[in-house]
Amino acid sequence: MTPAWSAALLRSMVVGLLTAVLAMALGIPASYALAKHNIPGKSALLMLVLIPVVLPSIIIGVGLFYLYSRIGLLQTTVGLVLGHIQGLNSSITRR
């Protein structure tokens, strides 16, 4: 195994683990609150969660690229994890 391959594997594992933990930590309480409680602005929150289902992935990708370039998150682990959380949430919501 080459050092570059090992580094890529480690980064993928870190991103996958962080994405799974953060998506569950954010998604489970949010879904419970939206389902069980009458929260002010519930419709707006639900629409915000469902936007990735309606918009094509390329539109979201271009938007994230523009945003990340403006705030300095390009080529960072944080930017990669945030992008994957968005993708994971949209794929779960589609089912």
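**Group meeting: a four-helix chain**

Okay, let's start inside the first helix: Gly-27 lies in α1. Its relative accessibility is 28%, so Gly-27 counts as partly exposed. What I like about Gly-27 is its partner from much further along the chain. Gly-27 and Ile-85 are 58 residues apart in sequence, and yet their C-alpha atoms sit 9.7 Å apart in space. Keep that pair in mind.

Before I go on, a caveat: this is a predicted model. How confident is the predictor? The mean pLDDT of the protein chain is 85, with 91% of the residues at 70 or more. By element, confidence is highest in α1, at 90, and lowest in α4, where the mean drops to 73. So please look at α4 with that number in your head.

Now the overall layout. We've got four helices and zero strands in the protein chain, so reading from the N terminus you simply get α-α-α-α. The radius of gyration is 16 Å, well over the 12 Å that the globule rule gives for 95 residues, so the chain is more spread out than a compact globule. You can see that in the C-alpha trace too, which spans about 55 × 25 × 25 Å along its principal axes.

How much of the chain is buried? Buried residues make up 14% of the 95. The exposed surface comes to about 7200 Å², and carbon and sulfur atoms supply 74% of that. And back to pairs that are far apart in sequence: take the contacts between residues at least 6 apart, and 67% of them join residues at least 24 apart.

Let's walk along the helices. Helix α1 covers residues 3-36, which is 34 residues. From first C-alpha to last, α1 reaches 49 Å, close to the 50 Å you'd expect at 1.5 Å a residue. Which residues of α1 are buried? Those are Val-15, Thr-19, Ala-23 and Leu-34. Ala-25 is also found in α1, but at 47% relative accessibility Ala-25 counts as partly exposed, because the exposed class needs over 50%. For a sense of scale, Ala-25 and Lys-36 are 11 residues apart in sequence and 17 Å apart in space, C-alpha to C-alpha.

Next up is α2, residues 42-54. Its 13 residues should span 18 Å at 1.5 Å a residue, and the end C-alpha atoms are 18 Å apart, so that agrees. Where does α2 bend? At Leu-48, by about 30 degrees, and there's a proline, Pro-52, following within four residues. I'll just put those two side by side and leave it there.

Then α3, with 15 residues. It reaches 21 Å from its first C-alpha to its last, close to the expected 21 Å. Right after α3 comes Gly-72, with a positive phi near 80 degrees.

That takes us into the loop between α3 (57-71) and α4 (77-93), where we find Gln-75. Here's the odd one: Gln-75 has a positive phi of about 60 degrees although it is not a glycine. Is Gln-75 buried or exposed? At 80% relative accessibility, Gln-75 counts as exposed.

And after that loop we're in α4, the element with the lowest confidence. If you've got the structure open, go find Gly-27 and Ile-85, that 9.7 Å pair from the start. Okay, that's me done.

Definitions and conventions: Residues numbered from 1 in each chain as written. Predicted model: local features only at pLDDT ≥ 70, side-chain atom pairs only at ≥ 80, totals over all residues. Heavy atoms only, no water. Helix = DSSP H or I, 4+ residues; strand = E, 2+ residues; numbered from the N terminus. Rg over C-alpha atoms; globule rule 2.2 N^0.38 Å. Buried < 20%, exposed > 50% of the residue type's maximum accessible area, 1.4 Å probe, protein only. Contact = heavy atoms within 4.5 Å. Areas by Shrake-Rupley, 256 points an atom, 1.4 Å probe, with all protein chains shown as cover. Expected span 1.5 Å × (residues − 1). Bend = angle between axes of the 7 residues up to and from the residue. pLDDT = per-residue confidence, 0-100.
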